[in-house]
Amino acid sequence: MTRLSRYPFHFVLFAIYPVLALLAFNIHEVPVSVIWRPLVITLAGSIITSGILRWLLRDWQKAAILTTSALILFFCYGRLYDYLKSTPLNDLNIVRHRWLVILFVIISALITWLVIKRIRDMRPMTAILNLIAILLVSMAVIQIGIYEIKASSGSNAAVNDPSTLMPPATTDRENLPDVYYIVLDGYTRSDVLKTELAYDNSGFLDQLTELGFYVASCSRSNYNKTQSSMASSLNMDYLPELYKIAAAQGLSEKDIWMLIKPSLVRRNFENLG
């Protein structure tokens, strides 16, 4: 506990945590590599801010606490605004940026006054913030790590029966066609658009047809969730069979999305060159 109270490193972890938390929440949709730019920006901002405050206050612990408080206020602003917009306060027409900014400025000024003028011993606060920061970052890292482990298991769970693969392309590899599989998620088919919304999108579909696309005019998805439907179509099988494949690798039914990237369709194309 002595080290936690002596060395104020929490402002660095509080700068890292929002980026990791956002990645952990969206890890199914984006690669880990997307974090580097925002991570560098937030780290640079927090280090520069703490350095300036250290120069002004001649106290690393006070500078770190003020930097952390600024980070918390900055990253909480949007979330608080969105939350207030969904409450009855919004009906009173008082949820406005101008009022929320004033509130945050007052809170920031109060924290600054307390840290500089009122709180003499910064060690207890430093220890608490260090501990909270470690826990928050650890939880985000663990969540990302669990995903990566499951994703690796999902790759192993892909259908590996050689009999399901098309034979490799042995001739004319350079003239193999490009294939585009376009799924307009949440975009209903032409006849439903015309019947329910009185909208004719035939011009759009005609252009696709002229480009050489096949348009499934009376299409229906097998499942009402994107991940389930894509896992089924790209592995050319129904979910009950895919659940068996996932279960063999210790995955649950909710992990079926892991069969999308290493799908049978993809491996067939790779096998064809």
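These legends walk through a few views of a predicted model of one protein chain.

**Figure 1. The whole chain is built from helices, with 0 strands.** Count along the model and you get 11 helices. Reading the sequence from start to end simply gives α-α-α-α-α-α-α-α-α-α-α. As for overall size, the C-alpha atoms take up a box of roughly 75 × 50 × 35 Å along the principal axes. The radius of gyration is 27 Å, whereas a compact globule of 273 residues would come in near 19 Å.

**Figure 2. Here the view turns to the surface and the contacts of the chain.** About 18600 Å² of the protein chain is accessible, and carbon and sulfur atoms hold 63% of that area. Of the 273 residues, 30% count as buried. Take the contacts with a separation of 6 or more: 70% of them join residues 24 or more positions apart. Charges are worth a look too, with 25 positive and 21 negative ones in the chain. The mean positions of these two groups sit 21 Å apart.

**Figure 3. Isoleucine 65 is a buried residue in helix H4.** Helix H4 covers residues 60–85. Isoleucine 65 has a relative accessible area of just 7%, so it falls under the 20% cut-off for buried. Who are its neighbours? Leaving aside residues up to four places away in sequence, isoleucine 65 touches His10, Val115, Met122, Met125, Thr126 and Leu129. For a sense of distance, pick out threonine 188 as well: it is 123 residues from isoleucine 65 in sequence, and the two C-alpha atoms are 52 Å apart in space.

**Figure 4. Serine 229 sits in helix H9.** This helix runs over residues 226–234. Serine 229 has 18% relative accessibility, and because buried means under 20%, it counts as buried. If you skip residues up to four places away in sequence, the contacts of serine 229 are Ser221, Asn222 and Tyr223.

**Figure 5. Two cysteines are shown here, in a structure with 0 disulfides.** The search behind that count took in the whole structure. Is cysteine 218 buried or exposed? Cysteine 218 is exposed, because its relative accessibility of 60% is over the 50% cut-off. Cysteine 76 has a relative accessibility of 39%, which lies between the 20% and 50% cut-offs, so cysteine 76 counts as partly exposed.

Notes
Residues are numbered from 1 along each chain as its sequence is written. This is a predicted model: local features need pLDDT of at least 70, side-chain atom pairs count only at pLDDT 80 or more; totals for chains, interfaces and linings use all residues. Side-chain values use heavy atoms; hydrogens and water are left out. Helices (H or I, at least four residues) and strands (E, at least two) are DSSP runs, numbered from the N terminus. The radius of gyration is taken over C-alpha atoms; the globule rule is 2.2 Å times the number of residues to the power 0.38. Buried means under 20% relative accessible area, exposed over 50%, partly exposed in between (1.4 Å probe, protein chains only). Contact means heavy atoms within 4.5 Å. Accessible areas come from the Shrake-Rupley method with a 1.4 Å probe; for residues, only the protein chains shown count as cover. Lys and Arg count as positive and Asp and Glu as negative; His and the chain ends are not counted. The place of a charge is taken as NZ of Lys, CZ of Arg, CG of Asp or CD of Glu. A disulfide is a pair of cysteine sulfur atoms within 2.5 Å.
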